[in-house]
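Trainee: Could you walk me through this one while I have it open?
Mentor: Gladly, let us begin with where the chains meet.
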Number of protein chains: 2
Amino acid sequence: METATKPLTEAELQAIDAYWRAANYLTVGQIYLLDNPLLRQPLQPSDIKPRLLGHWGTSPGLNLIYAHLNRAIVAHDLDMIYVTGPGHGGPALVANTWLEGTYSELYPSVSLDEAGMAQLFRQFSFPGGIPSHVAPEVPGSIHEGGELGYSLSHAYGAAFDNPDLIVACVVGDGEAETGPLAGSWLANTFLSPVRDGAVLPILHLNGYKIANPTVLARIPEDDLLAMMRGYGYEPYVVAGDDPVEVHQRLAAVLEQSLAEITEIQRAARATGAHARPRWPMIILRTPKGWTGPREVDGLQVEDTWRSHQVPLGKVRTDPEQLAELERWLRSYRPEELFDATGAPVAELRDLPPTGERRMSANPHANGGVLRRDLVLPDFRDYGVGVTRHGGGLAEATRVLGEWVRDVIRANPDRFRLFGPDEVASNRLGAAFEVTDRAFTASIEETDEHLATHGRVVEVLSEHLCQGLLEGYLLTGRHGLFTSYEAFIHIVDSMFNQHAKWLKVTNHIPWRAPIASLTYLLSSHVWRQDHNGFSHQDPGFIDHVINKKAEVVRVYLPPDANTLLSVMDHCLRSRQYVNVVVAGKNEQPTWLDMDTAVRHCQRGLGIWEWASSDDGGQPDVVLACAGDVPTMETLAAVDLLRQHLPQLKVRVVNVVNLMRLQPESEHPHGLPDAQFDTVFTTDRPIIFAFHGYPWLIHRLTYRRTNHDNLHVRGYKEEGTTTTPFDMVMLNDLDRFHLVIDVIDRVPGLGPAAAGLRQAMVDARHECREYTRRHGEDHPRVRDWVWPS
Amino acid sequence: METATKPLTEAELQAIDAYWRAANYLTVGQIYLLDNPLLRQPLQPSDIKPRLLGHWGTSPGLNLIYAHLNRAIVAHDLDMIYVTGPGHGGPALVANTWLEGTYSELYPSVSLDEAGMAQLFRQFSFPGGIPSHVAPEVPGSIHEGGELGYSLSHAYGAAFDNPDLIVACVVGDGEAETGPLAGSWLANTFLSPVRDGAVLPILHLNGYKIANPTVLARIPEDDLLAMMRGYGYEPYVVAGDDPVEVHQRLAAVLEQSLAEITEIQRAARATGAHARPRWPMIILRTPKGWTGPREVDGLQVEDTWRSHQVPLGKVRTDPEQLAELERWLRSYRPEELFDATGAPVAELRDLPPTGERRMSANPHANGGVLRRDLVLPDFRDYGVGVTRHGGGLAEATRVLGEWVRDVIRANPDRFRLFGPDEVASNRLGAAFEVTDRAFTASIEETDEHLATHGRVVEVLSEHLCQGLLEGYLLTGRHGLFTSYEAFIHIVDSMFNQHAKWLKVTNHIPWRAPIASLTYLLSSHVWRQDHNGFSHQDPGFIDHVINKKAEVVRVYLPPDANTLLSVMDHCLRSRQYVNVVVAGKNEQPTWLDMDTAVRHCQRGLGIWEWASSDDGGQPDVVLACAGDVPTMETLAAVDLLRQHLPQLKVRVVNVVNLMRLQPESEHPHGLPDAQFDTVFTTDRPIIFAFHGYPWLIHRLTYRRTNHDNLHVRGYKEEGTTTTPFDMVMLNDLDRFHLVIDVIDRVPGLGPAAAGLRQAMVDARHECREYTRRHGEDHPRVRDWVWPS
C-alpha cells in the first residue's frame, strides 16, 4: 500500500521548496560570509571569511529532510526530534533553528533580521563563535555527530519509554560503514511498539565520504533493500536530483511511513502485542552537495566527494570563484525568502510548527528540563549486617542487586539497566524479580526473564548499550550500565564524546542538567577465573580521568555496604560520568552501614580499627583502593601485627579516587594539609591499587610525601588461574606487601629479616600448592581478619 | 545449483562422526578431568578438577566444523586456516590440534598417548597450564576471540594477497551482535577474487549467549537470509540436531561453497574481472551444548544458555552429577576412538590432512615464519633540504607520502595502507601515483584512484581498518594505519588485545615475530580547524603506554625529516605497536637529514643551535615533544633571546617518548645519569607537550629533577578556531611559555617583569585580533626562527 504519488499541492510544493532554499541559503552564508548577508551589494572579497571552514556536502540533504519533517509535524501534530548522524552538517541545522525562531529566542543577539543573519553567518566556525558541528550549542540537538556511528543508538534510546515521540534519525552513508552503526539497526529488537516511541531511520545515500564513494551507495540497490528487510525494516526509496520530483516522492514516502507507524502503534496498543513489527525506514538517494557548484576548475563537484567541505575554496582571492559563489547564493532567490528587515517572509514562517512542536524547541532534545529525580529506596535498608570488621562475606553486586530491583520498581517509567548479556553474570539478577529483559523478536517457552516490555536491555554490544543509555539520559531519564571491566574500553571513544558533551553543556545556560552516566564495572581484572589475560584491563579509569575534572568521578568501594552508598550517590548525581568498580565475587564485609556511609562521604580515610598507630605517627602507611587490594592489605596488616607487633601501621582506604588529586586539579581533591595528615609527610606509603600503579603516581605527584609512595597494582601479568595466583603474578599479594613494608621501613631488626624470608617462602609455597592442586592454598583461601 | 543431498559415503560419515566424537570427548575431558583420561576406572571425585572453568556451549559446533573442514582439505588439497570467533571455545580447538598431532609436536610433553592426554586435560584452565581461550598458545590460531567482534575482519585481512588461501571464519551469534562484527560483513567490498584469497564465513547460530537468546537466532529466518544476501553473500543453511542429517547437509553445503569459491576465482582470474562476486557463506543452526547433558537439576541445559560454560557444576561433590559426567563422556565411546596407548585410532589419524595442510600447522597462522622484510627505499633520499634551522616549511605527512609511495611500489605483494577515508586528507596522496583504493563494488567514471586491485584500504570504520591490518600482519605481511588522532580511541580495546597477543607470543618459542602494527596519527588535536572539540583527544598515547613496555613505542617527530627517519625505523621493527603522531599541516623544518637521523637515534636531545647555555648549566630548560609544541617552544626561546639575552636557555626536544621513562620501566628508558645531564638536577624545566600534560609527569616522576618540571599540554579546552587560538586556550602558546619561564626562574629582575606584562598583552592582542579577523595575528602566523 502506498499513498498518492503527488501528495503535495502546488502551494505546498512551493512552500516547502522555498523553505529548503532558505535553509540552503543560510547554510552557504554561514560557511562563507562575514558580511553582506542579503547580498544587497555585489559580493566583495572583504565579505568573505578569511578561513573557509565547514561541510557543505551533506547539508542540502539535511535541509531537505528538515523541511519535509516540519510539514509533517504540522500536518499530523507530531511530537518529533531530529537526530543528525552527519553532524558535520552543523550549518544546516543551525539554519533551520534560526528559521524556526528558536535560535533567536535562545541567543537574542542572533535576531531574526538582517543584523541577526549577519551575526549568524559570522559566528559559524569563527573564533569566539560556534562550532562547525551539531554541537550542544545547537538547539534541538542531542547528538553532535562529530564521531560517527552513534546516531541510531541515540535515537532508539530517546524513543524508549516515550510512546508519543517519533525520533527521525538521519544516518549518513559514511556513518553507515562504521561498526557501531551497522550494529544499531537491530536495536528495533528492543523497542516495544506499545510502551516506546518510534524511530524513523532515514539513510541518506549521498554517495560519498571525504574522498571516496560510500559502500552502501555502490552495492546493488536490491542488496541494500534486502539488507534493510533483513534488519526488519520496510524500506522506502526516494531517489533523484529533480527537486520537484524528490519533494513529491519524499512527501509521499513520509506520509506512508508515518501512517505505518501510527497503524503499528495503534494495533499493538489495542491488543497489547509488543512483538517486533516491520517498522518503515527511508532511503534518500540525492546528490552530495546538491544545488551547489556543479563544477570547479573543470572538475565535477556536485554529486562527488569534492563537495564534502567547501566547494569553492579560493573565493577571497579568485574573482571568478567569488562570482560563482554569488551566483550560487542568488540561485536560492533570497529576495523571495527574506523581507526588507531580513526576516523570513510569512510563507516561510508559516511552514514550521510552533512552540515546543518545533524540533529545535522540543523538550526531549533538552532532556534536563524533563528530568524527574529518581525515587530511591533507602539504600541503608539493603545493607549487610556487619557486627565485626571482616566478619562476614558478601557478593557486593548481589547485595546491590536487591536495591537496584527496587529502584526499577519505584521508577517504572524512567530507569533502565543496560548491559552486554551480563546483568545476571554480574549478579544483579534480583532485577528480574520485578522486570525482564526487553526482546521483541521471538520468545520461546524455555526463555527466562525475557519479555517485550522488559526494562533491562541486554545486547552483546557495548556500543549499543552505551548509545542507547546516552540517548535515554539525554532525553531526561536515568540508567545504569553494567559491564566487564576490560571490555568497557570498547566504548572509550563514546565516553570521550559524552564527556565532552557534558563539559560543554555545563556552560550553556539553557541546557538543563541531565542524569549522570554511571558505569558499574564488575567482573574485574582480578577475577577473570574463566577467561584470563584477554579479559584483564583495569585501564578505563586512566582513560576517564583524562577528561575534565568537573564531569568525571571514579569510585572503588571495598565491600557491599560501601557499594550501596556509592551507587545511591551516583544515581542522585547530574552531569557526571561515574565509574564504579566493584567485584561480584564473595569478599569480606568490612564496614557496617553507618561507618560505610561516613567513609564514602569522606571518600578516603584511616581505618583505625585496622591500624596500630594509636592515633600517633605510624611507621608505615598501608593504603588500598579496590576490593581485592583492600583484602590483601588487611591480610598483610594481620601478618605484620602477628610478627612485628611493635611496628606502627596505619591503614588508609580510598573509595573516591579523585580525593587523591590536589584541590586545584579536581573539585573532590583533598586539601594538601589533610592529605599530609592522613598519608604523613615522611613515612613510607605502600599503596595496593586495583588498577595500573602509575595512575596513583599521576594523581599524587604534587603531594608532599610522594617520594615515599610505593604502589602495587596490575602490571599486565595474568592468565587463566586462581585469584591468589593472579595477585601474586602482579606482586600485589599480602606476602609481597609485607616484604614491601620490611624493605622500606628502616631499623626493623632481625625479626623482620626472618619474616621477610618467611614471606618469600609463603609465596613459593602458595604457588606450588596451586600448581599441584589447581586451587588456592587454604591459608590464603580461608584467611579472615582476626576479631 | 546444489550438489548431492548425501555426499558422504557411510564410511566417510562414520569417520567424520568418530572424529567429531573424539574432539568432543577431548573437550569435555579438558574442562573436567585431572586424571583417569580414558575412564579406565569409574570416575572418582579426585579425578575432577577442583575449579571447573571453561566454555562447553560453543565447543561441539566448533568441533563439527573443524572435522568437516578437515575432510574437505584432504578431498581438495586446500590451503586453509580456521578463525574461531567464539574463542572461548578454546578446549575445542586444542582438542583438534592434539588429534592432528600438531600439539604434541610443539609441546612434546603433551604427547599423543594416554600420559599426554592426561596432561592435555590437566593443563587446561589450570594454574601453570594454558588459558581457556584460543590464545596464542594454541597452534593454528591468529585470533584469541577473547573480546568479541573481530573474527571476520581478521579473516579478510588474512585473505588479502593470499590468492590460494581460504580462511574459514566461524562467527558466533553472540559475536554477531557486536558493532565491529556487524560492520565487517561488507569487507567483501575490498576483497579481489583475482589477487586475494577467499573467506568462508560460517555463522554459528547456536541460539544463546551467556544468559540470553541471540538476536540473529530469533529474527525470522527469511530476514536473516535477506540480511546475508544484502551483505552480498549467498547463504546456505545447515540446521538440525540429528548428527547424521547434519553431517550430510554440512558436507553438501561445504562442497557447494568450495565449488563456488573455485568457480568464482577461476572465472575472475581467467578474465581479470575483479568485481565483487556473490561469495558463499554458511549458516549453521545447531543446538548450543549439543551432545552435552540434556537436563540438569530439572532444567533444560542442552540447547539453552545454561550450557554456555560448565553444564555440570557440582561434579566433585554430587555423586549424581559425577555419574552424569561419566555417562556423558562414555556417550562418545572413547574405547572406539583411542587405542590401548591412548593415541587416536588409525581411522581418526587418517581423516585430517598432514604436515602444513593441517590448519593447526598452516604457516599462515604463524605468520612470522612467512614474513619477508620490506624492501625500503632509502628514506634519506626523500628528505627536505634544510640549510638553516626552521628556514623552510613542509607538510610532514606529504613528504612522507612520497616515501610511502615507493614502499608500496617496492613491495607489491606484502604492504598495504589502511585508513578510514583519510589517506588523501592526511596528505599521503602520493600513494595514488602507484596504486589505488581497493573497491569491488561498482566504480563510476568520475571516481578517482579506485580500483578492484588497489593496495590502499579505505573504509569509514576504524574497527575494520584495524581488524584487517591485524589479520594482514598476523599472517606475515606489513602495513600502516593512518587515522585521525582523536578517533583512534575507537580501537582502544582492539589495540589492547593485539598488544596482549604480542606480549604473549614473545614468550612462545615456536611463534615467529611478526611485523609491528604502526599507527600514523595525523589530523591531530592542535589542528582541528574544521571540526573542533569533538575531534580533539591526544589520549591514545596514554592508553597505549599502559601495556607492556616490551611491546609499545611512541614517537613524536617534530618535522618532516624526523618523521621519515622514525617511520623507516617503525616499518623495520617487529612485535611492537608503534604510535607516531605527526601533523599534516605546514610546519617549520628544523633539522637537516643527517641531524634528524642522529636526533631520532638518540630519541631525545639538546638542540644546541637553539640553546644559549653554551654547553654550560642553563638557567632553564625548555623541553618540547610534538610538532606544534616544538614550534611554540622555539618561538618562546626567540622571545627570551630578544628580551632577556642574559638568560641561559637550553632547548630539549623529545622524539621517542619512552626515553623519558627510567631504564627499569622501559627498554628505551634513558639512564638516570644521562637524564640528569640533559634535564639538569635543579633547574626549572618548562615542558611543552603535544598531549595531556600529566603523561609527562607519569613518565618522569622518579627522575631527580621532577619537582622542577612544569608541563603544558592539552587540557581539554578547544573548539572550532584558529591554530594559535587553540594553543592559547590551553596555555601552550609561546607567550605563556615565556610567562612560565619568568615565573619559575628566580632573580630575573625588572626586565623580566616588563616582558611578562608584554606577554600578557600579546595574548590579549592575539585573541582580540582573531575574534575580529577570524585568523591568527600576523605576528604569530608569520613568525620564523631567526637565522
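Trainee: How many residues does the contact take from each chain?
Mentor: The contact (heavy atoms within 4.5 Å) takes 127 residues from chain B and 124 residues from chain A. This is a predicted model, in which local features need pLDDT of at least 70 and side-chain atom pairs count only at pLDDT 80 or more, while totals for chains, interfaces and linings use all residues. Residues are numbered from 1 along each chain as its sequence is written, chains are lettered from A and ligands numbered from 1 in the order in which they are written, and side-chain values use heavy atoms, with hydrogens and water left out.
Trainee: And how many salt bridges are there across the interface?
Mentor: Taking a salt bridge as a side-chain nitrogen of Lys or Arg within 4 Å of a carboxyl oxygen of Asp or Glu, the rule finds 22 between chain B and chain A. One of them joins A:Arg276 to B:Asp223, whose closest N and O atoms are 3.3 Å apart.
Trainee: Switching topic, which residues of H21 in chain A are buried?
Mentor: In that helix (a DSSP run of H or I, at least four residues), which spans residues 672–679, A:Phe675, A:Asp676, A:Val678 and A:Phe679 are buried, meaning under 20% relative accessible area. They lie on the same side of H21(A), because they cover an arc of only 165° around the axis, taken from the directions from the helix axis to the C-beta atoms.
Trainee: What does the opposite face carry?
Mentor: The face turned away from the buried side of H21(A) carries A:Ala673 and A:Thr677, which are exposed (over 50%).

Methods: Buried < 20%, exposed > 50% of the residue type's maximum accessible area, 1.4 Å probe, protein only. Helix = DSSP H or I, 4+ residues; strand = E, 2+ residues; numbered from the N terminus.
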